[in-house]
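Open your viewer, switch on the cartoon, and keep the selection box handy. This tour goes stop by stop, telling you what to pick next and what you will find there.

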Amino acid sequence: MSKGYFRVNKYLQSTSHPNVFGGGDCITIDEYEHLDHPFPPKAGVYAVREGPVIANNIMHYLKEEELETYTPQTEFLALLMTGDLKAVGTKFGFSFTGKWVWNMKDYIDVGFMKLFDPNNLFNDYANKGTAEPLEHNALFEEELKSAGDERARVKEAVMTMSVADAAALLQIDEDHEEFLEQFMILERMKNDTEFREGIIAICKN
């Protein structure tokens, strides 16, 4: 234990009981204990991404194979609902708020929960009760087709959008409800350093 948390190594394996693995808010990773701030943060996105590593490493451990290293991401989108059909979000060191943030969080959360619907996880589940898992990530195929054109149009527009216009959309009136453009802007910011730094400079002023 470390400050009340379950201590694990870079494989998410207990440092005291090698046959035990852990993830989520209950752990602290010994490699990062020297930092002056908690890392990784106690946020759900880390638990979600730790899960597959833990599952793989349990199998590797049982087979006496080399374990997989978990490398936490350094940035994540934090979203907090405020109870008034609005939410606050932070990423890249600045914040944004409004109904569109609530709708974006709802979109992300609902999409994630659909992963656990047996009708999405398994072929012909309704008839068989259990069946073969879907292959080739074929989840929500029809839904993706119907929404694909709109997403493609918005993404194309965002990829050529100016820094000033993008920053304005992230700072839009709190009653604005559409979120897809903002979602795509945040996605572009992950990979476009100049775009990201320009928006941050505007939003922090």
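A definition before setting out: an axis here is a line fitted to C-alpha atoms, for helices over the stretch in contact, and angles run from 0 to 180 degrees between N-to-C directions. Please also keep in mind that this is a predicted model.

**Stop 1: helices α6 and α7**

Select residues 180–191, which make up helix α7, and show helix α6 beside them: the two axes come within 9 Å and cross at roughly 125°. Angles of 65 to 115 degrees count as roughly perpendicular and those over 145 as roughly antiparallel; α6 and α7 are therefore oblique to each other. The crossing in which α6 passes α7 is left-handed. To see what touches, turn on side chains for A166, L169 and L170 on the α6 side, and for E181, Q182, I185, L186 and M189 on the α7 side. Colour this contact by residue type and you get 6 nonpolar residues, 1 polar and 1 charged.

**Stop 2: helices α6 and α8**

Keep α6 (residues 163–170) on screen and add helix α8, residues 193–203. Their axes also come within 9 Å, with a crossing angle of roughly 55°. This pair, α6 and α8, is therefore oblique as well. Here α6 passes α8 in a right-handed crossing. The α6 residues to display are V163, A164, A166, A167 and L170, and their partners on α8 are F195, G198, I199, I202 and C203. What kinds of residue make up the contact of α6 with α8? By type, 9 are nonpolar, 1 is polar and none is charged. While you are here, click on A166 and L170: both appear in the contact with α8, and both appear in the contact with α7.

**Stop 3: the three-stranded sheet**

Now hide the helices and bring up the strands β3, β4 and β5. They form an open sheet of 3 strands in the order β3-β4-β5, with antiparallel pairing. β3 and β5 are the edge strands, each pairing on one side only. Look along the sheet and you can follow a twist that averages 15° from one strand to the next. As background, strands of a sheet pair through backbone hydrogen bonds, either parallel or antiparallel.

Zoom in on β4 (residues 87–91) and β5: these antiparallel strands are joined by 5 bridges. Two positions help you keep the register: G89 stands opposite F96 in β5, and K91 stands opposite F94 in β5.

Next, select residues 94–98, strand β5, and show the side chains. Which of these residues point to the buried face? F94, F96 and G98 point to one face and are buried, whereas S95 and T97 point to the other and are not. This is the pattern to expect, because in a regular strand the side chains alternate between the two faces of the sheet.

Before leaving the sheet, add residues 99–114. This is helix α2, which lies across β3, β4 and β5 and runs at about 95° to β5.

**Stop 4: two turns with positive phi**

Follow the chain from β4 to β5. The two strands form a hairpin with 2 residues between them. In that turn sits F92, which has a positive phi of about 60° although it is not a glycine. F92 is buried, since its relative accessible area is 10% and the cut-off for buried is under 20%.

Then move to L85, in the loop between β3 (78–81) and β4. L85 too has a positive phi of about 60° without being a glycine. Is L85 buried or exposed? At 52% relative accessibility, L85 counts as exposed, because the cut-off for exposed is over 50%.

**Stop 5: the loop between β1 and β2**

Finally, select Y11, in the loop between β1 (6–8) and β2 (27–29). Y11 is partly exposed, with a relative accessible area of 23%. Leaving aside residues up to four places away in sequence, Y11 touches F21, N57, L67, E68 and T69. Try a distance label from Y11 to T71: the two are 60 residues apart along the chain, yet their C-alpha atoms are separated by 9.0 Å.

In the loop between β1 and β2 you will also find Q13. Q13 counts as buried, at 10% relative accessibility. With residues up to four places away again left out, the neighbours that Q13 touches are R7, V8, P18, V20, F21, Y61 and L67. Highlight F21 and L67 to end the tour: each touches Q13, and each touches Y11.

Terms used: Residues are numbered from 1 along each chain as its sequence is written. This is a predicted model: local features need pLDDT of at least 70, side-chain atom pairs count only at pLDDT 80 or more; totals for chains, interfaces and linings use all residues. Side-chain values use heavy atoms; hydrogens and water are left out. Buried means under 20% relative accessible area, exposed over 50%, partly exposed in between (1.4 Å probe, protein chains only). Helices (H or I, at least four residues) and strands (E, at least two) are DSSP runs, numbered from the N terminus. Two strands pair if DSSP finds at least two bridges between them. Angles under 35 degrees count as roughly parallel, over 145 as roughly antiparallel, 65 to 115 as roughly perpendicular and the rest as oblique. A crossing is left-handed if the near helix is turned anticlockwise from the far one by less than a right angle, and right-handed if clockwise. Contact means heavy atoms within 4.5 Å. Ala, Val, Leu, Ile, Met, Phe, Trp, Tyr, Cys and Pro count as nonpolar, Asp, Glu, Lys and Arg as charged, and the others, Gly among them, as polar.
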